[in-house]
Each structure stands twice: as structure tokens, then as C-alpha cells.
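The following explanation leads a new reader through the structure shown below. It is best read with the model in view.

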Amino acid sequence: MAKRTPLYDEHVAHNAKLVDFAGWDMPIDYGSQIAEHKAVRENVGMFDVSHMSVVDISGPDAREFLSGVLANDIAKADDVGRAIYTCLLNTRGGVIDDLIVYHLGDDFYRIVVNAATTEKDMAWLSSQARDFDMNLAHREDLAIIAVQGPRARELAGVALDDELAERARKLKPFEALSTDTLSIGRTGYTGEDGFEIILPASDARSLWRQLNSAGVVPVGLGARDTLRLEAGLNLYGQDMDEDRTPLESGLGWTVAFKPAERAFVGREALEHAREEGVSHKLVGLVLEERGVMRSHSAVREAGSDNDDAEAAEGEVTSGSYAPTLARSIGLARVPVDWDDTVEVRIRDKWLAARIVKPPFVRNGKSRLEQD
Amino acid sequence: MSDIPKDLSYTKTHEWIGNDGDGTITVGITDYAQSSLGDLVFVELPETGTKVSAGDAVAVVESVKAASDIYAPVDGEIAEINEELADSPERVNEDAFGQGWLFKISIEDESALDDLLDADAYKAIVEDEED
């Protein structure tokens with residue numbers, strides 16, 4: 001039987017269409033994925049992301065351990081209450097997972113990793129942690145609720161108790177607070193403002209209902225995907241994987257090569273890749289015609305006479321329909337020297353598209369030049 | 001369980017057919033189909049005047065999830081299309097059997113309609129798929 005989060009009964013009560021996601025029964029939508037997407041862009045919505053995993057790292061060597069195992073520099077989060085986004089690399093420079101790490105207290109860090117990669121992440125982190133004085137704890141007793149949208153912080157404040165609401169109100173983007181039992185980060189995966197609240201599973205239903213009473217609507221994983229795509233955010237397993245480096249996945253900015261003395265897993269491989277010259281780049285695509293590009297759609301340069309999709313040099317990694325833009329967008333991996341006009345293979349036709357720099361949407365509005 | 005009006009006919013590819021009584025039929029997709037597809041984002045309809053044969057793929061409905069071909073249930077000619085769907089494809093989700101109609105076909109052979117499924121037969125197909 002598939003796993004269920006502490007909020008499963010809430011999803012059923014809200015008429016969720018449930019699907020299997022990485023072995024969990026999760027809500028793909030509650031009636032209309034597009035309405036839910038728009039609710040987050042224009043107002044506020046909440047996601048149950050308790051299928052993702054919280055891993056707490058504590059002990060005297062916690063910081064040193066993270067410094068050596070994360071591609072971004074944990075020193076950027078030296079102030080308690082800071083968070084950073086980073087890749088976890090293997091020795092070939094390939095991406096094992098992407099994650100956010102929160103510095104919540106002295107010798108105490110919390111990371112949130114993807115559901116589908118949890119087992120291999122834990123195995124990797126455990127193997128890397130062996131000689132360090134620290135503790136690694138997969139917190140299966142916690143739930144995660146993300147509240148996102150321009151009114152997210154306002155309405156989350158209504159649902160939280162006064163003291164907590166006051167502390168949360170003061171958080172700047174990528175800052176976090178913690179109490180004995182929960183943590184709140186001003187982070188998210190939608191391109192909108194908001195919080196990600198990590199709390200005891202036993203308290204999750206109560207908070208979910210309080211948020212709902214305050215006017216926050218439930219939003220499913222379908223909208224979560226179209227929101228993150230509009231925001232230009234990568235999805236592990238599609239936009240990057242163990243055989244791709246951050247440099248060819250639009251994530252070069254998350255790798256801290258400086259300071260030069262910081263050794264981290266994958267460093268040599270990435271430096272070597274940079275010297276050789278990275279051959280592919282991850283770009284944003286906007287389809288100029290009616291249709292929807294999807295993962296694995298072939299991409300060729302405009303004017304190319306190659307009609308064979310299998311031989312195309314570019315590939316869509318993530319593709320969908322963008323409700324805010326009323327057209328299809330995607331992320332694609334293409335050769336670094338390509339110009340901006342391309343064509344995407346959709347249902348036996350090559351349709352015109354153009355390369356743009358993500359994000360596609362910012363502050364709820366399209367960033368595209370022509371509309 | 002989705003709605004399956006008794007006064008319509010059906011195909012196993014989830015189209016519904018209404019007999020307009022004047023030599024034309026109206027075709028759409030069922031409530032079950034729109035629910036499976038999710039929110040529609042594009043609907044591609046044939047041109048009026050196009051001659052079609054039963055089983056031809058004549059239209060496409062595309063949702064965030066997937067694209068799906070729509071098949072002509074009988075031989076005939078496209079008499080009218082639902083122009084509203086170009087700007088408002090969500091009509092199909094909101095009202096699959098009513099305002100979400102896709103196109104009308106003018107037919108010569110009314111007896112071809114006898115080969116279509118009735119509501120009970122279609123219901124059995126849906127129940128099978130849902131298992």
C-alpha cells in the first residue's frame with residue numbers, strides 16, 4: 001500500500017484526485033489544477049509536502065561535514081536562521097539531489113530532500129558522515145506545509161499563535177526560525193512569497209484546518225509543477241540527475257568554487273568539466289504556437305533540416321502549460337552555442353519556440369517581452 | 001461517479017453523441033473523459049465542411065497532462081464547430097455535455113447511430129476502466 005501523509009484525510013475531505021507519487025498517495029489537484037495555480041499567483045494556497053524528507057544534522061562536526069558534502073558553501077549560512085539552496089553531488093560532479101539547508105541552531109542544521117531520492121540521500125550522507133562527530137536523523141515524525149502566494153505571510157500569521165506569528169513576520173527571504181517543535185522558513189518552490197512550515201505530524205491537521213479557515217485553499221502537486229516551472233525552478237529527476245552536473249543544468253550559480261581551499265565532493269570533476277568546456281546548457285523555452293511541450297520532446301535549431309526527433313541535439317527536460325502566460329513553456333538542454341530560435345517536436349510537427357532566460361514569471365506577472 | 005445522461009449515445013473512446021433531430025448530431029467528450037484529462041488548455045477543431053468517416057481522428061483536446069484525439073463517431077460532414085472553445089477550453093471541463101460541445105456533423109445515414117453505445121453500455125466501460 002502507498003504511504004500516506006498526516007494530511008491524507010484532509011485531502012480526501014477536500015475531494016482531492018489522489019495519485020501515486022514516489023510511493024505516496026498525494027493530491028494532484030482538488031478539482032482544477034489551473035484554478036489552484038492562479039490562487040497561488042493571485043492570492044494564497046497551501047501544499048502538503050510531507051512526502052519530502054526532513055533530515056536533521058547535529059553535533060560538533062555538523063558544519064564541517066556539510067562544508068565537504070554540499071556544493072554550495074555552508075559558510076553562507078553561518079548566521080543562525082539562514083538557509084541556502086544547494087546540490088548534493090557525487091564524485092563525478094553529477095547531482096544526487098537538490099535541497100535547502102537551514103541553520104537552525106548551534107551545531108544544528110536541517111535539510112529537506114526530495115521524496116523519491118530520500119533513501120539514496122540517506123545512504124550517501126551516512127556513508128560520508130562516518131568519521132565525523134555528528135548525528136544524522138531522518139525525522140519521519142514531522143510534516144511539511146508550504147503556504148505560498150502574495151498573501152501567504154499575512155494569512156499564515158492569522159493561523160499561527162501571536163508570538164510565533166510575530167517572529168515569522170520578521171523573517172527575510174531565505175531566513176528561518178525554530179522552536180522546540182517546529183521550524184518556519186521564508187522559502188518556497190513557486191516563485192511567490194510564503195513560508196514552509198515543518199511541524200510535528202500530530203499538529204499538521206490542526207494547522208491545515210486553521211489555515212483553511214483563514215482563507216488558504218489547498219493546492220495539489222499538479223499546480224506545484226506549473227508554478228515552479230513558471231518560476232524557472234528545476235525539478236530533480238527531470239532537469240538534472242546523477243549523470244548531469246549543475247553546470248549543464250542551469251545550477252552553476254549554486255556551486256561555490258570560492259573559497260578555493262574548500263574541498264567538497266564533486267569539486268575536481270566540475271573544475272575539470274569547466275576546463276574542458278561544458279557542452280550543453282539548460283535554457284528556458286517559450287512555445288510560439290498552440291501546443292504543449294513535454295519532458296523528452298526533441299528540440300532542433302530553427303532552419304535545421306534534421307527531421308529525425310531521435311537525432312535532435314536538444315531535448316526538453318520539463319515542459320508544460322503555463323496558466324499565467326497562457327502558453328506552453330519548458331526547460332530544455334541544448335548545445336551551448338545555439339541561437340535563440342528553435343523548434344520543438346510535438347505530435348509529429350516541429351513547432352516554433354524561442355529561448356528565454358528564466359524565470360518566466362516574477363511577482364505574479366509575465367516576464368516575457370512580447371505577449 | 002460521473003454523469004452519464006440517458007438521452008445521449010456514446011463511444012468507447014469517450015465521445016457522446018446527441019441527435020439534433022434535423023439530420024445533424026452534436027459530439028462532445030464525456031464528463032468522465034474531461035475529469036481524466038484534467039483542465040483543458042487547447043482544443044483543435046476541424047473546419048466546417050470537412051468530410052469525415054467513422055473512426056477518423058478529427059479533433060484534439062489538450063490538457064496540462066496530455067493530448068487526446070477525438071474521433072468522428074459516424075460518417076458525415078462537419079456542419080458547425082464550437083468557436084467559444086478557442087478562448088475558453090475550460091467550458092469542456094465545466095459543462096462537458098452542454099456548453100462544452102465540440103462539433104456538429106450532418107449525417108446521411110441515421111441508422112449508423114444504432115451502432116453507438118447507450119448509457120448503460122458506456123457506464124459499464126467506465127466502471128471497467130475505473131477498477
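**A guided reading of chains A and B**

The buried residues of helix α2 of chain A pack against five elements of that chain, namely β2 (24-29), β3 (45-48), β9 (142-148), β13 (217-218) and α8. The model in view is a predicted one. The buried residues of α2(A) are A:Q33, A:I34, A:E36, A:H37, A:A39, A:V40 and A:R41. Seven of the ten residues of this helix are thus buried, so α2(A) is largely enclosed by the rest of the structure. In this setting, a residue counts as buried if 20 or more other C-beta atoms lie within 10 Å of its own.

The helix belongs to a chain with nine helices and 21 strands. The radius of gyration of chain A is 21 Å, close to the 21 Å that the globule rule gives for 371 residues, so chain A is as compact as a globular protein of that length. Along its principal axes, the C-alpha trace of chain A spans about 60 × 50 × 40 Å. Of the 371 residues of chain A, 46% count as buried. Among contacts in chain A with a separation of 6 or more, 69% are made by residues 24 or more positions apart.

Chain A is divided into domain 1 (8-48 + 140-230) and domain 2 (279-366). The centres of these two domains of chain A, taken over C-alpha atoms, are separated by 30 Å. Where they meet, eleven residues of domain 1 are in contact with twelve residues of domain 2. On the side of domain 1 that touches domain 2, the elements giving two or more residues are α2 and α8 of chain A. Helix α2(A) gives the most to that side, with five residues. By class, the side of domain 1 that touches domain 2 has three nonpolar, three polar and five charged residues.

Strand pairing in chain A may be followed from β4. Strands of a sheet pair through backbone hydrogen bonds, either parallel or antiparallel. Six bridges join strand β4 (residues 53-58) of chain A to strand β7 (residues 108-113) of chain A, and the two run antiparallel. Strand β4(A) also pairs in the antiparallel sense with strand β8 (residues 135-138) of chain A, over four bridges. The residue A:V55 has a bridge partner in each of these strands: A:I111 in β7(A) and A:H138 in β8(A).

The second chain may be approached through its contacts with chain A. Twelve residues of chain A are in contact with seven residues of chain B. The elements that give two or more residues to the side of chain A that touches chain B are α2 (33-42), α8 (221-230) and β16 (314-322) of chain A. That side of chain A divides into three nonpolar, six polar and three charged residues. Helices α2 and α8 of chain A therefore appear both on the side that touches chain B and on the side of domain 1 that touches domain 2, and α2(A) is the helix described above as largely enclosed, so a reader may keep it as a point of reference.

Within chain B, an open sheet of three strands has the order β4-β6-β7, with antiparallel pairing. Strands β4 and β7 (67-71) of chain B stand at the edges, each with a single partner strand, so one side of each is left without a neighbour in the sheet. On average, neighbouring strands of this sheet are turned by 20° against each other, direction ignored. Strand β6 (residues 57-63) of chain B is joined to β7(B) by five bridges, and the two run antiparallel. Within β7(B), B:A67 stands opposite B:E62.

Another open sheet of chain B has six strands in the order β1-β2-β3-β9-β8-β5, again with antiparallel pairing. Its edge strands are β1 (9-10) and β5 of chain B, each of which pairs on one side only. Inside the order, strand β8 (residues 76-81) and strand β9 (residues 103-106) of chain B pair in the antiparallel sense over four bridges. The residue B:E77 stands opposite B:S106 in β9(B).

What lies between β4 and β5 of chain B? The loop between β4 (40-44) and β5 (51-52) of chain B holds B:E47. This residue is exposed, because 9 other C-beta atoms lie within 10 Å, and a residue is exposed at 12 or fewer. The C-alpha atoms of B:E47 and B:G21, which are 26 residues apart along the chain, are separated by 22 Å.

Definitions and conventions. Residues are numbered from 1 along each chain as its sequence is written. Chains are lettered from A and ligands numbered from 1 in the order in which they are written. This is a predicted model: local features need pLDDT of at least 70, side-chain atom pairs count only at pLDDT 80 or more; totals for chains, interfaces and linings use all residues. Two residues are in contact if their C-beta atoms, placed from the backbone, lie within 7 Å. Ala, Val, Leu, Ile, Met, Phe, Trp, Tyr, Cys and Pro count as nonpolar, Asp, Glu, Lys and Arg as charged, and the others, Gly among them, as polar. Domain bounds come from an automatic or database domain assignment. The radius of gyration is taken over C-alpha atoms; the globule rule is 2.2 Å times the number of residues to the power 0.38. Two strands pair if DSSP finds at least two bridges between them. Axes are lines fitted to C-alpha atoms, for helices over the stretch in contact, and angles run from 0 to 180 degrees between N-to-C directions.
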